[in-house]
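Reader: Could you walk me through this model and show me how each label is earned?

Author: Happy to. Have a look first, and then ask away.

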Number of protein chains: 4
Amino acid sequence: MANSLLPEHLLVGRDAGQTAAVYVTPSVQVGGDTPIVMAGPCSVESWDQIITAAREVAAAGAHVLRGGAYKPRTSPYSFQGLGDEGLALLSEAGAAVGLPIVTEVMDARDVERVGRRAHLLQVGARNMQNFTLLKELGRCDRPVLLKRGMAATLEEWLLAAEYVLAGGNPRVILCERGSRGFETYTRGTLDLGVAVAARGLSHLPVIADPSHAAGRAELVAPLARAAVAAGLDGVIVEVHPNPEQALSDGAQSLTPLQFRQLLRELGAVAARQRQPAAATA
Amino acid sequence: MANSLLPEHLLVGRDAGQTAAVYVTPSVQVGGDTPIVMAGPCSVESWDQIITAAREVAAAGAHVLRGGAYKPRTSPYSFQGLGDEGLALLSEAGAAVGLPIVTEVMDARDVERVGRRAHLLQVGARNMQNFTLLKELGRCDRPVLLKRGMAATLEEWLLAAEYVLAGGNPRVILCERGSRGFETYTRGTLDLGVAVAARGLSHLPVIADPSHAAGRAELVAPLARAAVAAGLDGVIVEVHPNPEQALSDGAQSLTPLQFRQLLRELGAVAARQRQPAAATA
Amino acid sequence: MANSLLPEHLLVGRDAGQTAAVYVTPSVQVGGDTPIVMAGPCSVESWDQIITAAREVAAAGAHVLRGGAYKPRTSPYSFQGLGDEGLALLSEAGAAVGLPIVTEVMDARDVERVGRRAHLLQVGARNMQNFTLLKELGRCDRPVLLKRGMAATLEEWLLAAEYVLAGGNPRVILCERGSRGFETYTRGTLDLGVAVAARGLSHLPVIADPSHAAGRAELVAPLARAAVAAGLDGVIVEVHPNPEQALSDGAQSLTPLQFRQLLRELGAVAARQRQPAAATA
Amino acid sequence: MANSLLPEHLLVGRDAGQTAAVYVTPSVQVGGDTPIVMAGPCSVESWDQIITAAREVAAAGAHVLRGGAYKPRTSPYSFQGLGDEGLALLSEAGAAVGLPIVTEVMDARDVERVGRRAHLLQVGARNMQNFTLLKELGRCDRPVLLKRGMAATLEEWLLAAEYVLAGGNPRVILCERGSRGFETYTRGTLDLGVAVAARGLSHLPVIADPSHAAGRAELVAPLARAAVAAGLDGVIVEVHPNPEQALSDGAQSLTPLQFRQLLRELGAVAARQRQPAAATA
């Protein structure tokens with residue numbers, strides 16, 4: 001790397017700026033020509049909820065179905081997710097609509113079991129420096145979606161990815177989900193500058209999570225369009241059949257209708273974005 | 001305003017979400033259908049420098065020429081700008097290429113004098129809560145470009161604008177320029193979520209300053225595209241004929257070549273952005 | 001300075017770590033052996049209020065009377081202080097109880113007039129980089145209390161002081177008042193580490209403002225004791241005869257009774273603090 | 001709890017403000033009348049190093065020996081600690097000088113094994129919301145030292161403790177170690193306001209870690225004195241026989257000589273602090 005942020009020998013830095021696509025399935029590549037959209041509810045709540053969500057996001061054009069089965073919740077008394085049952089429901093719903101699934105894994109002891117069903121394993125922001133978990137993911141054969149911690153520096157984020165690569169698993173997708181600051185109107189601040197920088201300093205694809213960054217549904221679409229226009233490789237968005245009744249993150253979830261509208265907008269931004277500049281003059 | 005952030009009666013909140021264009025000149029409106037681009041060097045350094053910069057940004061398609069004459073510098077021993085002479089040079093350069101000019105005013109006592117030459121008066125981030133200055137600007141007949149403070153909340157930003165409106169001057173353009181956080185790789189974090197929210201909670205147009213947010217030239221174009229894709233009303237960008245020799249902010253200044261490329265990209269993003277969604281399906 | 005934060009030649013850095021006392025009056029020196037206590041209401045509200053407050057804080061042992069006449073308020077519709085009348089009342093009250101007074105000056109045009117009555121001129125956090133004001137204070141013959149901006153770095157704070165010193169006024173007292181972060185339970189975070197560092201990197205005395213940092217009365221005494229134990233040169237504390245009826249900052253104001261208790265505690269901390277370590281073994 | 005931050009029913013909130021001492025051993029109680037001092041090197045590096053450190057801190061009067069065996073390091077290529085061997089050395093050194101030991105546990109699978117040797121199990125800042133680990137600690141019979149995350153709110157911190165209490169382990173000591181912000185001169189900002197608030201909103205004892213907060217040895221003693229003066233229940237401090245040769249955190253480690261001096265100062269602050277206010281008048 002030309003840049004002095006990181007030591008020369010890092011695996012994440014090899015061929016910096018030459019994004020190497022990560023295949024979630026043979027037909028879904030993150031880091032290729034098309035921005036990838038992952039979508040679904042914050043938590044899997046029931047079969048009806050997840051299959052409805054899955055059908056809606058698949059119909060709208062999403063590439064990956066998301067859903068939480070094991071939830072990291074601030075309070076021990078909040079809904080903690082449906083666990084193994086939630087994962088089974090998510091897996092069935094994904095299969096039913098033909099989409100691969102991404103879900104969070106919190107416990108190193110669960111990596112193998114969750115990896116049997118999920119195509120992409122998410123590390124949440126709170127666990128970005130859970131080195132036990134990162135090392136375990138370095139030994140598994142599933143791609144990893146590594147969210148940036150709420151107060152993690154660019155260097156810490158890339159070095160967290162290095163833990164997975166150094167363990168033998170080269171398939172890491174980075175995800176910027178908003179950093180924590182003094183502003184209380186939004187849940188976080190989507191740091192597109194650092195996301196673009198991470199994409200330039202490494203060969204890893206980088207996506208954005210505008211839902212958690214904004215914490216408000218009306219800001220999700222503008223931030224998602226911004227992420228794609230900035231050149232990121234996709235977005236992960238929360239969509240719920242009925243946001244007002246969601247057990248978690250309802251305020252930031254899009255309705256299926258809003259999501260369809262967003263995908264049309266993203267297509268437009270992306271189409272322009274990928275054309276050679278000369279052609280647009 | 002439906003939203004509870006601000007009291008009902010605020011002038012900035014009247015017709016919230018219905019952006020009322022601010023005319024910098026009869027032909028340059030900020031908040032209309034076309035994203036506006038303001039560009040030029042951080043500081044006016046010499047006639048050669050500013051006229052070269054002016055010609056370049058005009059040729060590329062910028063709408064307003066920027067340049068600092070009175071500079072707020074952290075150290076009293078740093079270059080403080082050329083002052084009145086700088087303003088005269090900027091004014092001449094703008095006139096020569098047919099662009100209106102924007103420059104920062106730091107001292108309430110300078111408002112009238114600077115306003116005689118500048119078409120748009122900028123309040124810098126450090127002065128966002130310089131209430132003396134805001135009140136003076138409320139009494140002048142020039143439009144005001146009000147930058148968000150580095151650690152100002154959305155509420156504080158809108159209430160700073162309210163000072164100008166309450167003083168009798170309705171023509172305020174907001175500008176998000178990056179908030180200050182823990183990350184050191186970039187100079188700040190461009191907070192597009194709050195910028196979009198400010199546009200929705202008020203009738204004021206909102207632009208972004210990706211140059212100060214990023215602090216690195218290579219991140220300016222991605223962030224500028226993101227700002228326009230998010231629906232903001234334009235960008236203000238630092239362009240220098242020779243960034244390596246700039247007396248201030250060289251690391252974040254675009255070359256004229258990079259700027260021309262950026263304007264092509266912005267045109268593409270904006271064209272798509274403004275089309276009715278149905279037409280893009 | 002041994003430390004590389006600042007250039008060698010700075011006036012603030014001369015004899016770094018050797019605090020040179022600033023005399024507010026011939027008998028009140030900040031930076032000497034005794035921690036100084038400045039106290040009084042956030043705003044001067046009436047003669048009854050300020051004379052009651054003045055008597056209480058004088059009786060408890062405070063060294064300087066504080067009170068705001070010109071208030072920097074986030075909203076233009078909030079109480080803006082009594083202005084000149086407030087200053088006159090503060091001046092009379094201070095004289096009546098034999099205490100010098102400190103008050104904030106916001107406008108460079110007011111420096112001379114306010115300086116005729118106030119013994120110590122305060123620069124508020126929002127104006128720390130109001131260079132117009134700093135330059136004017138560099139030309140006056142009153143000592144200056146320079147609050148650290150809510151998001152100002154140590155370097156920026158010291159360089160703001162340098163503006164005053166470079167203008168010809170050597171009498172600057174620094175004041176840490178809490179930096180802005182993600183925590184919402186408190187108003188800010190009192191940054192004693194940076195305050196102690198500022199005292200070591202310069203020859204300027206440094207005090208703390210636990211009232212604005214905490215924003216909650218019950219945290220003021222613990223933070224004030226902490227500031228003195230850390231070796232700072234004093235504190236500035238908000239005291240109101242009747243906090244529940246205060247026009248501003250009531251939630252963080254101490255009652256006279258709480259303030260007397262605090263002064264007893266500070267005396268104890270300071271007495272121990274200043275003894276040679278050997279004597280305490 | 002009178003305060004509205006937390007729901008009424010929380011275990012951490014029971015008898016808020018009435019600190020219930022946590023016994024590390026029958027003779028070392030945290031939260032009693034005497035501030036407790038935990039000290040030792042960042043990492044256990046060798047037998048010579050840890051026994052020397054242990055003798056020094058014991059001779060100076062420390063109550064608990066600290067030392068890292070399993071280290072959470074930002075880079076996978078940094079020294080990761082000696083692991084089981086490090087824990088064995090720490091245990092022997094503690095026994096040799098008659099001090100209980102505290103060490104960090106990072107992996108839920110290690111809780112039982114580490115708990116067999118360590119008297120107090122530390123959760124590091126990066127793992128404050130590692131809920132897998134917290135739940136495991138809720139099932140063990142060792143007291144837990146729970147560090148506040150670098151960007152964790154007061155509410156999140158107390159709810160992380162609630163995970164341990166809800167699991168059946170009532171013995172939690174909170175530790176404030178500096179929050180992350182924009183300042184780069186120090187490593188973090190010791191947030192004594194929130195630490196005091198945590199002590200008031202819960203019955204848990206609270207200590208401070210000035211070493212990690214400051215990141216600079218010269219600021220450790222002032223911050224440690226401040227923590228005790230603010231009324232916290234103790235401090236945890238890094239001490240190394242030879243800081244310049246430390247494998248980690250050398251810049252913030254005290255020498256044994258500096259540590260002895262600090263303990264004298266803390267004794268003085270604490271003696272005064274604990275006396276009834278009336279007696280000090």
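**How the labels are earned**

Author: Let's start with A:Arg139, which sits in the loop between H4 and S7 of chain A. Keep in mind that this is a predicted model.

Reader: What makes A:Arg139 count as exposed?

Author: The label exposed asks for over 50% relative accessible area. A:Arg139 has 58%, so it is exposed. In space, its C-alpha is 9.4 Å from that of A:Ala166, although 27 residues of sequence lie between the two positions in numbering.

Reader: How do you know that helix H4 of chain A is mostly covered?

Author: Buried means under 20% relative accessible area, and 7 of the 8 residues of H4 (131-138) are buried. They are A:Phe131, A:Thr132, A:Leu133, A:Leu134, A:Glu136, A:Leu137 and A:Gly138.

Reader: And what covers the buried residues of H4(A)?

Author: The cover includes helices H3 (111-117) and H5 (154-166), along with strands S6 (120-123) and S7 (144-147), of chain A.

Reader: Why is A:Ala59 called exposed?

Author: The cut-off is again over 50%. A:Ala59 has a relative accessible area of 65%, so the exposed label applies. This residue belongs to helix H1 (residues 47-60) of chain A. From A:Ala59 to A:Tyr70 is 11 residues along the chain, and their C-alpha atoms are separated by 26 Å.

Reader: Stepping back to the whole chain, what makes chain A as compact as a globular protein of its length?

Author: By secondary structure, chain A has 10 helices and 10 strands. Its radius of gyration is 17 Å, and the globule rule gives 19 Å for 281 residues; the two are close, so chain A is as compact as a globular protein of that length. Along the principal axes, its C-alpha atoms fill a box of roughly 50 × 50 × 40 Å.

Reader: How much of chain A is buried, and how much of its contact set comes from residues 24 or more positions apart?

Author: Of the 281 residues, 67% are buried. Among contacts with a separation of 6 or more, 70% join residues 24 or more positions apart.

Reader: What does the exposed area of chain A consist of, and how are its charges placed?

Author: Chain A exposes about 9,200 Å², with 47% of that supplied by carbon and sulfur atoms. There are 26 positive and 28 negative side chains, and the centres of these two sets lie 1 Å apart.

Reader: How do you know what relates chain A to chain B?

Author: Two copies of a chain are related by a rotation about an axis and a shift along it. Here the rotation is 180 degrees and the shift along the axis 0.0 Å, with an RMSD of 0.0 Å. That is the relation of a two-fold axis. A:Ala226 is the residue of chain A that comes closest to this axis, its C-alpha lying at 1.9 Å.

Reader: Why say that chains A and B meet through the same surface?

Author: Because 100% of the interface residues of chain A are also interface residues in chain B.

Reader: Which rotation lays chain D on chain C?

Author: A turn of 180 degrees with a shift of 0.0 Å along the axis does it, at an RMSD of 0.0 Å. In chain D, the C-alpha nearest the axis belongs to D:Ala226, 2.0 Å away. These copies also meet through the same surface, because 100% of the interface residues of chain D are interface residues in chain C too.

Notes: Residues numbered from 1 in each chain as written. Chains lettered and ligands numbered in written order. Predicted model: local features only at pLDDT ≥ 70, side-chain atom pairs only at ≥ 80, totals over all residues. Heavy atoms only, no water. Helix = DSSP H or I, 4+ residues; strand = E, 2+ residues; numbered from the N terminus. Rg over C-alpha atoms; globule rule 2.2 N^0.38 Å. Buried < 20%, exposed > 50% of the residue type's maximum accessible area, 1.4 Å probe, protein only. Contact = heavy atoms within 4.5 Å. Areas by Shrake-Rupley, 256 points an atom, 1.4 Å probe, with all protein chains shown as cover. Lys, Arg positive; Asp, Glu negative; His and termini not counted. Charge placed at Lys NZ, Arg CZ, Asp CG, Glu CD. Least-squares fit on C-alpha atoms with pLDDT ≥ 70 in both.
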